[in-house]
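The following explanation leads from the overall architecture of a protein to one of its helices and the partner that helix packs against. Please keep the sequence and the model in view while reading.

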Amino acid sequence: MLGYLASPLALLFLIYIVSRGALLDYAIIGGLLSVVAENGLISLTDFAFLRMELHLQDLLVTTEIGPQEYILGLVLSNLVFSLPGIILYVFLSIFEGILNVISLAEILGISLILLISTSGLGFLIASYLPHVRYSWGIASILPVLFIAIPPLFYPYSMLKGWEVYVLSLIPTTSAAILAQGAAGLGEEDLLFLIPLFIETIIFYLLSIKKSRWTQL
């Protein structure tokens, strides 16, 4: 669990030093989302390991358990691994006076949707990998695309309009915009709920319908 906290905490410290505290609030909100997103994305290594090394999926396909139940179970397990990071960042956000009860509930709801979308994407990718070693390389690239580039740790208002729309193809962008709005760090634009829900539904349905749910 501590491993999942290393990257967000390092980014939080770096942003605090570079911005001299000016972007600390953004880093805390972004850190909360990044813990959830990173857990969902990196879990593809767990999916691949369970499928190809432990052959857990081979056992499950012979039962009445389908990919939907399997993915929901893995999402819940990812939620457990995310809890220490979520608790830490919730504590920091309350300590800094960034969130109240309502905005906290909004951001936790956004985080749950983000966890479903990133876990679905992770499962879909892992189901097509020919060897578990490929999961390590992909798991190191996805956090850069989904966490470092989108406006998780900086104001989304720094981006140009077309840049926001392009990055909205990534669910972490919409989640970050909504979270910054809920925390009062930017204009609250609920229209970004649309791409977030659409992307989550697409990733989840693809993980159920298009993933390889067969014995190796």
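Helices here are DSSP runs of H or I with at least four residues, and strands are runs of E with at least two, numbered from the N terminus. The model is a predicted one. By that definition, the protein contains nine helices and zero strands, and its order along the sequence reads α-α-α-α-α-α-α-α-α.

The C-alpha trace spans about 55 × 35 × 30 Å along its principal axes. For 216 residues, a compact globule would be expected to have a radius of gyration near 17 Å, and the protein agrees with this because its value is 17 Å.

Helix α5 covers residues 101-128. Its 28 residues, at 1.5 Å a residue, should span 40 Å, and the separation of 41 Å between its end C-alpha atoms therefore agrees. At the start of α5, the backbone nitrogen of Ile 102 has a side-chain oxygen of Asn 100 within 3.1 Å.

Further along the sequence lies helix α9, residues 193-209, whose axis comes within 8 Å of that of α5 and crosses it at roughly 35 degrees. This crossing is left-handed. The contact between the two helices comprises eleven nonpolar, four polar and no charged residues. On the α5 side, the participants include Ile 110, Ile 113, Gly 120 and Phe 123; α9 contributes, among others, Leu 196, Phe 197, Thr 200 and Tyr 204.

Key. Residues are numbered from 1 along each chain as its sequence is written. This is a predicted model: local features need pLDDT of at least 70, side-chain atom pairs count only at pLDDT 80 or more; totals for chains, interfaces and linings use all residues. Side-chain values use heavy atoms; hydrogens and water are left out. The expected span of a helix is 1.5 Å times one less than its number of residues. A polar contact is a pair of N or O atoms within 3.5 Å; within protein, one must be able to donate a hydrogen and the other to accept it, and residues adjacent in sequence count only if both atoms are side-chain atoms. Axes are lines fitted to C-alpha atoms, for helices over the stretch in contact, and angles run from 0 to 180 degrees between N-to-C directions. A crossing is left-handed if the near helix is turned anticlockwise from the far one by less than a right angle, and right-handed if clockwise. Contact means heavy atoms within 4.5 Å. Ala, Val, Leu, Ile, Met, Phe, Trp, Tyr, Cys and Pro count as nonpolar, Asp, Glu, Lys and Arg as charged, and the others, Gly among them, as polar. The radius of gyration is taken over C-alpha atoms; the globule rule is 2.2 Å times the number of residues to the power 0.38.
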